[in-house]
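Subject: Handing over a structure

Hello,

I am passing a structure on to you, and I hope you enjoy looking through it. Please open it first, and then read on for what was found in it.

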Amino acid sequence: MSWRPQYRTSKFRHVYGKPATKENCYDGVPITKSVQDNYFCSVNPKFIAVVTECSGGGAFYIIPIGQTGKIDPLQPKVCGHRGNVLDLKWNPFDDYIIASSSEDSTVRVWEIPKCGVLKNIINSKLELQAHSRRVGLIEWHPTAKDILFSAGYDYRVMIWNLNSGEQVIHNPVKILDCHKDVVLAMSFNTNGSRIVTSCKDKKMRIIDSHTGKVLQESNSKSHKTNKVLYLGNLKMVISTGYSKWNNRQVTLWDEDDLSVPLREEDLDGSLGVLFPFYDPDTYMLYLAGKGEGNIRYYELSSEKPYLHFLMDFRSSLPQKGMGVMPKRGLDVSICEVFRFYKLVTTKSLIEPVSMIVPRRSESYQDDIYPMTAGAQPAMTAQEWLSGANKDPVFVSLKPGFNTPQSSPLKMGSGQWDPSRHTKKEQMTKNTYPEIQEQRNAEKVQDQKSLMTNGYDLSQCPVPKTENELLQMFYRQQEEIRRLRELLGQKEIRVKQLELEIKNIRFSPISY
């Protein structure tokens with residue numbers, strides 16, 4: 001019996017990082033010089049929010065996604081905080097609402113105009129005042145609308161209901177005071193029923209987000225936790241930090257048992273903080289180090305050895321922080337599965353980096369784009385406060401997919417009545433069958449006219465790169481050649497028919 005090596009197959013083995021060209025970057029952005037180990041950047045399909053250097057208080061830029069190139073030095077800011085901005089996060093269910101935390105011990109919620117920031121915004125929509133010291137972290141609940149968590153240097157995590165109707169909120173709905181030192185990171189599971197935190201006392205805690213009860217607490221002496229991330233669909237927790245030999249380390253834990261890690265892996269001896277990012281749709285983990293340009297990425301599994309190294313993206317531009325585009329903002333036509341926005345302080349630059357699965361086909365790839373969490377909340381704030389837990393509302397990234405509506409249309413004057421429309425169509429079918437057949441024939445003819453060389457022109461994406469443009473050009477040339485051949489065959493057939501008609505006309509008639 002011969003020995004055979006065990007190879008693990010993966011569709012993401014050859015994922016590669018593609019940095020944006022100079023004209024597709026955001027240049028001239030004065031990025032903050034804060035030493036806080038935060039991301040300083042938040043992204044959604046419409047805007048990029050980045051903390052900027054500002055005197056006399058804290059401020060951040062709101063840059064439209066399409067506004068690439070050199071940024072105007074007089075670009076308007078959101079500048080209502082009295083201290084430096086430490087963290088900011090977009091509302092996952094509203095692309096025009098963003099929350100920010102600051103050294104002035106407040107959390108503010110801002111409403112961004114749909115046309116973008118045309119002048120400095122000073123007045124916020126909501127102001128949350130209850131922390132006694134600066135607020136370092138904020139997180140939106142993943143499935144409930146208008147629920148916000150904040151963690152301050154007063155060792156407390158506060159839960160806020162933004163739908164209270166007050167502009168200045170002094171009383172949070174609940175306070176989690178189980179921490180004995182500063183909270184360094186926090187992350188939710190898939191439905192938001194649990195939250196995991198890392199603390200400066202070197203411990204991780206898994207907490208029930210409703211009651212505040214500590215379900216699990218780590219006591220590992222071989223791992224000093226810094227950043228932590230909940231892997232909800234795998235029922236695991238991953239943490240990055242340092243080993244007892246001061247090597248950077250990534251550690252995997254079971255959510256029901258934090259006493260012993262499932263896997264520990266030492267990376268290197270660098271001192272920069274490792275920022276973890278997880279894609280639950282592809283089970284891929286990305287590790288980006290602060291102060292370096294490399295991004296390592298792994299594939300996770302529910303079986304040993306759990307963590308499988310794929311490749312790393314190397315760059316000479318070091319990142320201070322990073323933002324991540326939500327799945328609904330990715331370009332599925334180029335098989336993009338993840339997109340980073342690197343903050344490069346040495347060049348005042350924001351550089352997008354796309355993680356792409358190499359595929360030859362230009363059609364939609366269902367295997368790498370499963371149903372993903374959409375922009376619709378699964379429940380209201382009152383439902384969550386009453387103790388309910390719901391999974392996210394999933395949508396498809398396929399072009400043309402109709403996302404579920406938050407509220408159905410009301411029947412009445414000026415509204416579309418589907419039953420009335422159905423009755424009208426049924427009457428037309430029964431009364432005028434020949435008209436209906438003619439309409440169906442016209443629809444079929446229109447659909448046929450959109451098909452060329454086996455491709456549907458109505459679903460053909462606009463070429464975005466030189467390679468795609470060349471492919472489209474060659475495809476059109478092939479279509480023109482085929483049509484010329486077909487036209488030549490038709491002309492020959494016409495001449496043959498004309499000769500046959502002449503022969504029949506002048507041939508003698510036989511009885």
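One definition before we start: two strands count as paired if DSSP finds at least two bridges between them. Please also keep in mind that this is a predicted model.

**Around strand 5**

A good place to begin is strand 5, residues 58-64. How many of its seven residues are buried? Six of them are, so the strand is mostly covered. Strand 5 pairs with strand 7 (residues 77-81) in the antiparallel sense, over three bridges. If you look for tyrosine 61, you will find that its bridge partner in strand 7 is lysine 77.

Strand 5 also runs antiparallel to strand 4 (residues 47-52), and six bridges join these two. Here alanine 49 has isoleucine 62 of strand 5 as its bridge partner. Strand 4 and strand 5 make a hairpin, with five residues between them. In the turn of this hairpin sits glycine 56, with a positive phi of about 80 degrees.

**A four-stranded sheet**

Further along the chain, there is an open sheet of four strands with antiparallel pairing, in the order 21-22-23-24. Which strands lie at its edges? They are strand 21 (223-231) and strand 24 (263-266), each of which pairs on one side only. Ignoring direction, neighbouring strands of this sheet are turned against each other by 20 degrees on average. Strand 24 has an antiparallel pairing with strand 23 (residues 248-254), made over four bridges. Within that part of the sheet, threonine 251 stands opposite glutamate 264 of strand 24.

**Salt bridges**

Side chains of opposite charge can pair when their charged atoms come close. The count for this model comes to 28 salt bridges, and a few of them are worth a visit.

Arginine 328 and aspartate 95 meet through their side chains in a salt bridge, at 2.8 Å from N to O. Arginine 328 belongs to the loop between strand 29 (321-324) and strand 30 (336-344), while aspartate 95 belongs to the loop between strand 8 (85-90) and strand 9 (97-102), so the pair ties together parts that are 233 residues apart in sequence. Arginine 328 is partly exposed, at 29% relative accessible area, whereas aspartate 95 is buried, at 10%.

Another salt bridge has arginine 134 and glutamate 103 as partners, with their closest N and O atoms 3.5 Å apart. This one also links distant parts of the chain, 31 residues apart: arginine 134 is in the loop between strand 11 (126-129) and strand 12 (135-140), and glutamate 103 is in the loop between strand 9 and strand 10 (106-111). Arginine 134 is partly exposed, at 30% relative accessible area, and glutamate 103 counts as partly exposed too, at 34%.

Then there is glutamate 351, which forms a salt bridge with lysine 342, the closest N and O atoms being 3.8 Å apart. Are these two partners buried or exposed? Buried means under 20% relative accessible area. Glutamate 351 has 8% and therefore counts as buried, and lysine 342, at 0%, counts as buried as well. Elsewhere, Asp201, Lys203, Arg205 and Glu217 are joined into one network by salt bridges that share partners.

Enjoy exploring, and best wishes!

Technical notes: Residues are numbered from 1 along each chain as its sequence is written. This is a predicted model: local features need pLDDT of at least 70, side-chain atom pairs count only at pLDDT 80 or more; totals for chains, interfaces and linings use all residues. Side-chain values use heavy atoms; hydrogens and water are left out. A salt bridge is a side-chain nitrogen of Lys or Arg within 4 Å of a carboxyl oxygen of Asp or Glu. Buried means under 20% relative accessible area, exposed over 50%, partly exposed in between (1.4 Å probe, protein chains only). Axes are lines fitted to C-alpha atoms, for helices over the stretch in contact, and angles run from 0 to 180 degrees between N-to-C directions.
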